[in-house]
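Here is a short note for your first look at this model. Keep the structure open and check each point as you read.

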Amino acid sequence: MVHISGSAARAARELRVVFSRLRRRIREVARDADLTPPQESALSLVGKHGAATASALAAAEGVRPQSMAATLAALDQQGLIRRAPDPDDGRRQLVTLTEAGRARVEGNRQLREEWLARAFQDRFTEEERETVLTALELLERLSRP
């Protein structure tokens, strides 16, 4: 077993905690009052990955297909998604965003980015922002295989 230094363990622990808090805060910024968290998540997933089957969305979200079906029914009722037969397998349906769904996803993304940019502007000095950028370059290594 490879020995892990105290600083590596501390960095891992603190990064995970800070990342979780920041992710939660960013989600709160653009929370839709008329969408549940699972609906928001599914809408975002379809926006990110394009056309997908309900079963593929359920697998990506780690939920039962029945739960995803209920989530998609609510999004369909609000006019945010559309379902069309899969051209490769007519028994399945592909879920895509409607124009209203696309506008909702993009609007939420823009709100989150603006909040984060404003928070950096208001809460950090120029030197601190440069330090964050340098740290992000280092952290980028963690995202590589």
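1. Start with R10 and E14. Both sit in helix 1, four residues apart, which is about one turn of the helix. Their side chains meet in a salt bridge, with N to O at 2.7 Å. Side chains of opposite charge can pair when their charged atoms come close. E14 counts as partly exposed because its relative accessibility is 40%. Remember throughout that this is a predicted model.

2. How many salt bridges does the structure hold? The count is twelve. The R10 and E14 pair is one of the salt bridges.

3. Now find D86, D89, R91 and R92. These four are linked in a network of salt bridges. D86 pairs with R92, and their closest N and O atoms are 2.7 Å apart. R91 and D89 also meet through their side chains, at 2.9 Å from N to O.

4. Are the members of this network buried or exposed? D86 has a relative accessible area of 6%, so D86 is buried. D89 is at 17%, so D89 counts as buried too. R91 is exposed, because its relative accessible area is 75%. R92 has 39%, so R92 is partly exposed. The cut-offs explain these labels: buried means under 20%, exposed means over 50%, and partly exposed lies in between.

5. Turn to the surface. Which residues make the nonpolar patch of about 570 Å²? They are L15, F19, L133, L136, L139 and L142. Helix 1 and helix 6 each give two or more residues to the patch. Helix 6 gives the most, with three residues.

6. Look at L142 in that patch. L142 lies in the segment after helix 6. L142 counts as exposed because its relative accessibility is 63%.

7. Next, the largest pocket. Its volume is about 1,300 Å³. The lining has 38 residues, and the closest to the pocket centre are F19, L22, R23, I26 and L116. Four elements each give two or more residues to the lining: helix 1 (6-29), helix 2 (37-49), helix 5 (99-123) and helix 6 (126-139).

8. What kinds of residues line the largest pocket? The lining divides into 22 nonpolar, four polar and twelve charged residues.

9. Last, go back to F19. F19 belongs to the nonpolar surface patch. F19 is also among the residues closest to the centre of the largest pocket. Find F19 in the view and trace both features from there.

Technical notes. Residues numbered from 1 in each chain as written. Predicted model: local features only at pLDDT ≥ 70, side-chain atom pairs only at ≥ 80, totals over all residues. Heavy atoms only, no water. 1 Å grid on protein atoms, 1.4 Å probe; cavity = no way out; pocket = protein on both sides within 12 Å on 5 of 7 lines; lining within 4 Å. Points joined across faces, edges and corners; volume = space filled by probe spheres on them. Nonpolar A, V, L, I, M, F, W, Y, C, P; charged D, E, K, R; others polar. Patch = residues over 30% accessible without salt bridge, like charges linked within 9 Å, V, L, I, M, F, W, Y side chains within 5 Å. Areas by Shrake-Rupley, 256 points an atom, 1.4 Å probe, with all protein chains shown as cover. Buried < 20%, exposed > 50% of the residue type's maximum accessible area, 1.4 Å probe, protein only.
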